[in-house]
Amino acid sequence: MNKNPLVLSLLAAAVLGAAGVGLYRLGLEQGLSRGEAAVDGAAPMAATEDPSTWGIPQGEAATRRHIEAGLQAGDVDPRTGRKILYYHDPMVPGRKFDAPGKSPFMDMMLVPAYAGSENADDGTVTVSPRIRQNLGLRTGEVSEGQLRPTVSAVGKVSWNERGQFTLTARATGFIEKLHVRATLDTVNEGQPLLDLYVPDWVAVQEDYLGLRRMRGQDLTGLVDAARQRMRQAGMNDQQIALVERTGRVQPRITLVAPASGIVTELPAREGGTVMPGTLLARINEWATVWVEAEVPESQATMLRRGSPVSARTPALPGELFTGTVQALLPEVNSATRTRKARLELANPTGQLVPGMFVQMTLAAPEARTALLVPTEALVRTGQRTLVMAVEGDDFRPLEVTTGIEQDGMTEILAGLDQGQRVVLSGQFLIDSEANLKGIEARLGIAEPVASAEPPLYRTHARLEAIDGETLTLTHPDIPELGWPAMTMDFRLAPGLARPALSVGDPVDISFRMQEGEPPRIITLQPVDNNATGGDQ
């Protein structure tokens, strides 16, 4: 009596299980038939997967599935319902292939790129809002601004040679007294420097005074001639006027400082004899000094004569000296690639002295309008400079040409327009993502779609030499390549086991061409007959 309910329960469970299995098989058959219809050109089923969320393993699995289904670039993937644009190796960006297969660069499968998926065909990168928040992603705007290029340089103070005065003897004489006895003494304008006795002046002055004391007519010419002889003896107009005014011979002269400054040279000594042209003293003004700055060759073109300059020196903390660019010297240091700029600094109190080092900031004479972007937005790769432009929710790497940098802003010469927004932080992560996805915009040029596998060629040959993984073979004509019979090097493909061979053995090979490398042997088979290949 108790067994009947149990038997009825078991029968009901069996019926329900059979019904469930039947429904599952029916649904599976309908799904497969719809997928086949999509491949044959019928309307594809609704996409159940978003390829933009795939990683490399999912992409490789899709490529294997495409190989089994015979799909290639231009077909519609029934699993995603999207058109296949091309295949690429994520580790070698920029190369596209029109058929699925194994990567010729890495030991991995190619990955498909789909139309309508994120970043597949528009050269942009998408970053999820969560990652943006975690990175603290900041953006800025490209704007116009006033740019006044500045150059920082160091230099050494020297005397201003245009403020230099020299005293030389104009006649043979003797130094009777020195009023200034040491170099680097400070003198004021008009201060006596030395007394000079000139014997030759005695005779010419007596001749002049004698003619003036004579009475008679037509003596004007003789007096003028006597005055001219005094000039030829080395006397200046002031000394001649003194002789005329006093009516006495003046054989001595006191030389005075022509300007206030420093006595930089004093070769004269008391009791010494001097000849015409002998240097007696040299004086330099200190109101202005020169500084010869070493300016980088690439920045020297920004400077002009008269450009303002400000300078500081560690010897005088807190002091600021101003001046101008006096000249750009026509000389470039071949070792440091710097050009000398001569600067003139005001030195009213004489605090700057020759030999001091100063740090200077040189500015262009006029500001100019330029397109500016924050310097932190730039990604410098060594060969080019990129920025990550913001396009709605996406980011596009753009190559730009930059100018000078000033106060955290960099001049943009080409590549951006005013008002565009660019990424200021986190752009290196976005650039890495663009690199992995092979976005063409960051490469600067579009590369043609290449076939997944280079053509395979076959020939027989004779082994001439073995050098590690390189075999030297002599082969006959290869009409497919237009090659005549020749001897050349071939390289074994990675992982290809080389059979035991000796020089002179005949072999059959299949190989593929490699750009910039010897042809790569894919298969290598010894031959038992005496075929020797083509003539060398």
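Colleague: Which residues of α4 meet which residues of α6?
Modeller: Trp201, Gln205, Tyr208, Leu209 and Arg212 in α4 meet Gln239, Val243 and Glu244 in α6. By class, four of the residues in this contact are nonpolar, two polar and two charged. Bear in mind that this is a predicted model.

Colleague: What makes Tyr count as nonpolar?
Modeller: The class list places Tyr with Leu, Val and Trp among the nonpolar residues.

Colleague: Why are α4 and α6 called oblique to each other?
Modeller: Their axes cross at roughly 45°. Under 35 degrees would count as roughly parallel, and 65 to 115 as roughly perpendicular. The angle fits neither range, so α4 and α6 are oblique. The axes come within 11 Å.

Colleague: What is the hand of the crossing of α4 and α6?
Modeller: Right-handed.

Colleague: Now α5 and α6. Why are these called oblique?
Modeller: Helix α5, residues 220-232, and helix α6, residues 237-246, pack at an angle of about 135°. Roughly antiparallel needs over 145, and roughly perpendicular ends at 115. The angle lies outside both, therefore α5 and α6 are oblique. Their axes are 10 Å apart. The crossing of α5 and α6 is right-handed.

Colleague: Which residues of α5 and α6 meet?
Modeller: Arg227, Met230 and Arg231 in α5 meet Asp237, Ile240 and Glu244 in α6. This contact has two nonpolar, no polar and four charged residues.

Colleague: What makes four of them charged?
Modeller: Asp, Glu, Lys and Arg count as charged. Arg227, Arg231, Asp237 and Glu244 are of those types, so they count as charged.

Note on methods:
Residues are numbered from 1 along each chain as its sequence is written. This is a predicted model: local features need pLDDT of at least 70, side-chain atom pairs count only at pLDDT 80 or more; totals for chains, interfaces and linings use all residues. Side-chain values use heavy atoms; hydrogens and water are left out. Axes are lines fitted to C-alpha atoms, for helices over the stretch in contact, and angles run from 0 to 180 degrees between N-to-C directions. Helices (H or I, at least four residues) and strands (E, at least two) are DSSP runs, numbered from the N terminus. A crossing is left-handed if the near helix is turned anticlockwise from the far one by less than a right angle, and right-handed if clockwise. Contact means heavy atoms within 4.5 Å.
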